[in-house]
Every structure is written in C-alpha cells, then in structure tokens.
Amino acid sequence: MTTDTVTDVFEEHRPVLLGVAYRMLGRVADAEDVVQDAWLRWSGGGRTEVREPRGYLVRVTTRLAVDRLRQIKARGETYVGPWLPEPCVTDFGETVPDAAERAVLADSVSLAVLVVMESLSPLERAVFVLREAFGCPYADIAAMLDRGEPAVRQLAVRARKHVEERRPRYAADPAERRDLTERFLAAAAGGDLAGLLELLAPDARLVGDGGGKSRAPLRVLEGADHVGRFLLGAARKGVPDPSFRFLELNGGPAVLVLSGDEPDFVVQLDVADGRVRTVYVIRNPDKLRSLPAVR
C-alpha cells in the first residue's frame, strides 16, 4: 500500500474502531488513545498478509482496549461518588440507515448499559461489545481474543445475563424523550416543584458524577420528592452566565449546560411510560472536555 492508501483505509474504519474502544472503556480520551495505538501498529508495517483490513483493525483495537481496561482495573482507583461514563456525542446520521441497527447501537452506548458493563471482566466486556453491538460471529471473536469458540460463547452468555438482569428496560421514543427533557428543564429552571413531580416517576433516581472535582451528590438520590427538591436547590444556586445546548449523547437527547463558553454539566434522562425514571448528571470536568462548547 502507498502511504495515502494506508491512511485512507484506516480513516475509513476509524469510526468503528472508536465505537469498539469507547464501549469497552467508557472513556473518550482512553478510546482515542487506543485507536491512536492501533494506527501506529497499522502504519508501522506488517500489513502484507492482511486480507481484511476491518477485521484486522478491530482485532488490534479490541486487544489494546482489553489491555487498557485491565490496567485501569489493576490500579484499583477509588472514585469519589457515583461513576458515570464520559458522555459521547452520537449522531449516526446516514451512516446507519437501518432503524433497527441504529436502536441496537444507541442502546449499546447508553449511559445505563455502560454503567452495567463496568462490572464485567475485560474479556466479558469485549465479547459483549463485539457480539451485541457489532454482530461479530463467535468464530471471529474467538480469533480476536485468542480463545476457543466454546469459551467465547460461555463468556457471551455470562455477559448477556449480567447486563440483562441489571439494565433498565426503558424504551421511550426519542421524540418523547426530547419533549420530556424540554419540559423537565423548564420546570427545574422555573423553580416549579409541582411540575417536576408530575414528570418524575415516584421511584425516580438521580445519579450525579462530580468525581470529587465538582459539586454533585455523593450517593444516588432516591424518590421523586428527594430528586425534585435537590434539582430546585441546584437550580437556585445556578451557574454564572448560563446557556443550554441540546445534543444527542450516548444515543439519546441530552442537555449541555454551559457557564459562559465552558461546559458546566450534562443532564440526560431515562424515560418510561411518560415519566422520568432516572436523571443522570455529569459534572466531572474531566469528562466534559471532549464536548462541543460553542454557543
């Protein structure tokens, strides 16, 4: 291959590689580092026997992500308060025209599913991502991970069972989520507790991630009244020079709240039966750096 061809082939597959790495790690910066390492291996030579570049690159990226995840788990770092994934802008656009495929990809990158996947082993997570999100055959996954196909099938069963037992079963229409998000934001900003309680399910939860670097609840808040009053208290304190942007993050509508031109926090809602079941608030500044912050 010429240098231009080598670059073009890699760039063609970069979105898939980032998708694999992000679902594996839940961290945009780590995913980008893994894909950069994959590029160095790809561009460094040794491609003469590569017949299927996509499969080769996914294999390399998966192995690098597994190694990175093992390193993260081995460090055993203590996180301050609840942990949420780093939010990721998702806009499949015309690249994924099939509605069913879009739904699968969106679900596999949702905050709720990524939180559950955090408790999987690195190999279980790799198998789950490759099989459930990208539909890879078991034989291909086995080759990628240097495992026998029966072992990979067992990993897939364990991972799927774990995720299905713990994932919330919310299947709201995107338009409904957007409408509820707008109404929720208006009620919170307007100090309307009654309006918030109408939108919140009785057993609503709020999961806040400040990472010890920004103010956020150190525990998951439970119950509509508790969640509603916390939100009104936070809204009264406000942020300097606030503005709002609607984005599609992790497969669903979300609100990015800016202070001036800088991201302050992200809010995303899980919705079921016309009510808000979970409020996710991400305020750790390290997790907001990759978001667009232009008004």
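**Questions on a predicted model**

Colleague: Which residues of helix α2 are buried?

Modeller: In this predicted model, helix α2 covers residues 28-43. An α-helix has 3.6 residues a turn, so residues three or four places apart point the same way. Within α2, the buried residues are V28, D30, A31, V34, V35, A38, W39 and W42.

Colleague: How far does helix α2 reach from its first C-alpha to its last?

Modeller: Helix α2 has 16 residues, and at 1.5 Å a residue the expected reach is 22 Å. Just after α2, G45 takes a positive phi of about 110 degrees. The reach from the first C-alpha of α2 to its last is close to that expectation, at 22 Å.

Colleague: Why is C136 in no disulfide with C88?

Modeller: The structure holds zero disulfides, and C88, too, is in none. A disulfide needs two cysteine sulfur atoms within 2.5 Å. C136 is buried, with a relative accessible area of 13%, but its closest cysteine sulfur, in C88, is too far for a bond because the separation is 19 Å.

Colleague: Why is strand β1 described as largely enclosed by the rest of the structure?

Modeller: Strand β1 spans residues 200-209, ten in number. The strand is largely enclosed because the number of its residues that are buried is seven.

Colleague: Which residue in β6 stands opposite V207, and which in β2 stands opposite R205?

Modeller: Strands β1 and β6 (residues 275-282) run parallel and are joined by six bridges, whereas β1 and β2 (residues 221-222) run antiparallel, with two bridges between them. Opposite V207 in β6 stands Y280, and opposite R205 in β2 stands E222.

Definitions and conventions:
Residues numbered from 1 in each chain as written. Predicted model: local features only at pLDDT ≥ 70, side-chain atom pairs only at ≥ 80, totals over all residues. Heavy atoms only, no water. Buried < 20%, exposed > 50% of the residue type's maximum accessible area, 1.4 Å probe, protein only. Helix = DSSP H or I, 4+ residues; strand = E, 2+ residues; numbered from the N terminus. Pairing = 2+ DSSP bridges. Expected span 1.5 Å × (residues − 1).
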